[in-house]
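Visitor: Please show me around. I would like to hear what each term rests on.

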Amino acid sequence: MNLQQCHWLNEPALWRCQDDELHVTTDNKTDFWRDTWYGFQRHSGHVFGGYVNDFKLEGGFTFQFCIEGQFEQLYDQAGVMLLADEQHWLKAGIEHSDGQATIGSVLTNGCSDWAMGIFPGNPDKFWLRITYSDGAIRLQYSTDGETWPLLRLSPFTIGNNQRIFIGAMCCSPEREGLQVKFSDFRLTSSLKKHLHDLS
């Protein structure tokens, strides 16, 4: 993915692209969430990306990149987002919760769910990979950019003419000033790897 082809959903006040890297500082109290448990709706987080349809990929797609940041305050988060519309989307990555960095995902189909666990590596630098193929999303993470355990497998329906936005996401629901660097962007046709192939 060429960063020059990308644009913002909810552009932050402070950001820059430099040497194929995206540097972002989050605005105050930004988030993506719909209803569940908390009862509110938020669609103010930052996403830098593009419409997958514009890249003319065959047989689905795989999108991966590296994320670096220091997640220190409650709900600080950064990762990937796939968006059909405000009621149908997936976000995933590192999120600071209960005093530590967790790895997790939120799938929203009208209302949001939230699944998370303890991150097994250094949360200041990690990789994410999302693959869409045959009506399903396969979400993987990596601590070294080489081995990719499964984080989530879920159905996700994309219509033939539906425009899907995908990109690098960051939010700071309780503050402003989370600084994140995104790099090593790769968008290709679906890798079509076996579910238990971790490479």
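Guide: Strand E9 (88-97) and strand E10 (100-109) each give at least two residues to the lining of the largest cavity. A strand here is a DSSP run (E, at least two residues), numbered from the N terminus. The model is predicted: local features need pLDDT of at least 70, side-chain atom pairs count only at pLDDT 80 or more, and totals for chains, interfaces and linings use all residues. Residues are numbered from 1 along each chain as its sequence is written, and side-chain values use heavy atoms, without hydrogens and water.

Visitor: What makes a space a cavity?

Guide: On a 1 Å grid over the protein atoms alone, a cavity is a set of points where a 1.4 Å probe fits but cannot get out. Lining residues have an atom within 4 Å of a point. The structure holds 2 cavities of 30 Å³ or more. The largest has about 90 Å³ of space. That volume is the space filled by probe spheres set on the points, with points joined across faces, edges and corners.

Visitor: Which residues of its lining lie nearest the centre of the largest cavity?

Guide: Ala 92, Gly 93, Glu 95, Gly 104 and Ser 105 do, out of 13 lining residues. Strand E9 provides the largest share of this lining, 5 residues.

Visitor: How do the lining residues of the largest cavity divide by class?

Guide: There are 6 nonpolar, 5 polar and 2 charged. Ala, Val, Leu, Ile, Met, Phe, Trp, Tyr, Cys and Pro count as nonpolar, Asp, Glu, Lys and Arg as charged, and the others, Gly among them, as polar. So Ala 92 falls in the nonpolar class, Gly 93 in the polar one and Glu 95 in the charged one.

Visitor: What lines the second largest cavity?

Guide: Arg 129, Thr 131, Arg 138, Gln 140, Leu 191, Lys 192 and Lys 193 do. Strand E13 (125-133) and strand E14 (136-142) are the elements that give two or more residues. By class, this lining has 1 nonpolar, 2 polar and 4 charged residues. The space comes to about 40 Å³.

Visitor: Why is Asp 98 called what it is, buried or exposed?

Guide: Buried means under 20% relative accessible area, exposed over 50%, partly exposed in between (1.4 Å probe, protein chains only). Asp 98 has 66%, so the word is exposed. Asp 98 sits in the loop between E9 and E10. Its phi is positive, about 55°, although Asp 98 is not a glycine.

Visitor: And which word fits Asp 85?

Guide: Asp 85 has 34% relative accessibility, so Asp 85 counts as partly exposed. Asp 85 is found in strand E8.

Visitor: What makes the link between Asp 85 and His 88 a polar contact?

Guide: A polar contact is a pair of N or O atoms within 3.5 Å; within protein, one must be able to donate a hydrogen and the other to accept it, and residues adjacent in sequence count only if both atoms are side-chain atoms. The side chains of Asp 85 and His 88 are joined at 2.8 Å, so the distance fits the cut-off. A polar side-chain atom of Asp 85 also lies 2.9 Å from the backbone nitrogen of Gln 87.

Visitor: How do you know that E14 and E15 pair?

Guide: Two strands pair if DSSP finds at least two bridges between them. E14 and E15 have 5, in the antiparallel sense, so they pair. Ile 137 stands opposite Ser 154 in E15.

Note on methods
On a 1 Å grid over the protein atoms alone, a cavity is a set of points where a 1.4 Å probe fits but cannot get out, and a pocket is an open set with protein on both sides within 12 Å along at least five of seven lines; lining residues have an atom within 4 Å of a point. Helices (H or I, at least four residues) and strands (E, at least two) are DSSP runs, numbered from the N terminus.
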